[in-house]
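I opened the model today to look up two things. My notes are below.

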Amino acid sequence: LAPNACLRVLHIGDLHMERITHREKSVLKAIRELSPELVLFSGDVLNLSYLDDPIAQSHAIEFFSQITAPFGVFGVSGSPAVDSSEFFSRLSKETPLQWFDNQTLVIAQKSGFRLWGLTCSHNPDVDSKYIEGMKSQNNFNPGNFNILLYHSPDLAPHASLLGFDLQLSGHTHGGQVRIPGFGALYAGSLYRKAFEAGRYRVNGMELYVTRGLGLEGAVAPRVRFLCRPEIVIWDIKGGEVSTFNLNLKY
């Protein structure tokens, strides 16, 4: 990137909302204070136990209605079992959140930055074919800073060979329960603990896997242990990339 190119990106994921609580209010307050230029959501809006709850749905719409950014608020759907196309479509119609369903664009007034949003099927072999098709149809320029938004980290070994600079993902929740010196007891990834949470370098591509904000629901335990929820700010500048996490307390 040119020395004067810069972009402040906020990454949030795995909201798994039930109701607007102190947690959601803290997130909204932090977003306002951090003043991101671009907000990216990597999927999973509702708690698995509240998918058909009209109150949870209305609170999720209220939450995303309060998030704005100069260059847009974009999101990819998460696990198919969590983010139905019907509800995600409703979100994109009633809030500033724009559903990035296998789409790409150059970020307005930031010509060196291109955003790619890919819908997750949890089959990286299949999804990598979609992203290859998107690249061929959209004149992929390796001179851009190419950001890939995708729910699961499992696409990283494929995406890293396709010229992307940064992949933002979630899904694992950091395991929710972590043990000192070992990390996550379990990480929902085809690669198990290889991409459980945090920042990785994969074949020259940066990957960040957020621990997310919520709890899975259904049969999964409603607990986090040594795995605080987080939102992440990226300050991307010509010649360097710096990041810091903003950890949140419930």
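These entries cover a helix pair and a pocket.

Entry 1. I am working with a predicted model, where local features need pLDDT of at least 70, side-chain atom pairs count only at pLDDT 80 or more, and totals for chains, interfaces and linings use all residues. I number residues from 1 along each chain as its sequence is written, and side-chain values use heavy atoms, without hydrogens and water.

Entry 2. I looked up how helix 2 (residues 54-65) packs on helix 3 (residues 85-94), and found an angle of about 40° with the axes 10 Å apart. The two helices are therefore oblique to each other (neither under 35 degrees, over 145, nor 65 to 115). For contact I took heavy atoms within 4.5 Å. From helix 2, Gln 57, Ala 60, Ile 61, Phe 64 and Ser 65 meet Phe 87, Arg 90, Leu 91 and Glu 94 of helix 3. I sorted the residues of this contact into five nonpolar, two polar and two charged.

Entry 3. I looked up the largest pocket (an open set of 1 Å grid points where a 1.4 Å probe fits, with protein on both sides within 12 Å along at least five of seven lines), which holds about 320 Å³ of space. It is lined by 15 residues, and His 171, Thr 172, Tyr 186, Gly 188 and Glu 216 are the closest to its centre; lining means an atom within 4 Å of a point.

Methods. Points joined across faces, edges and corners; volume = space filled by probe spheres on them. Axes fitted to C-alpha atoms, helices over the stretch in contact; angles between N-to-C directions. Helix = DSSP H or I, 4+ residues; strand = E, 2+ residues; numbered from the N terminus. Nonpolar A, V, L, I, M, F, W, Y, C, P; charged D, E, K, R; others polar.
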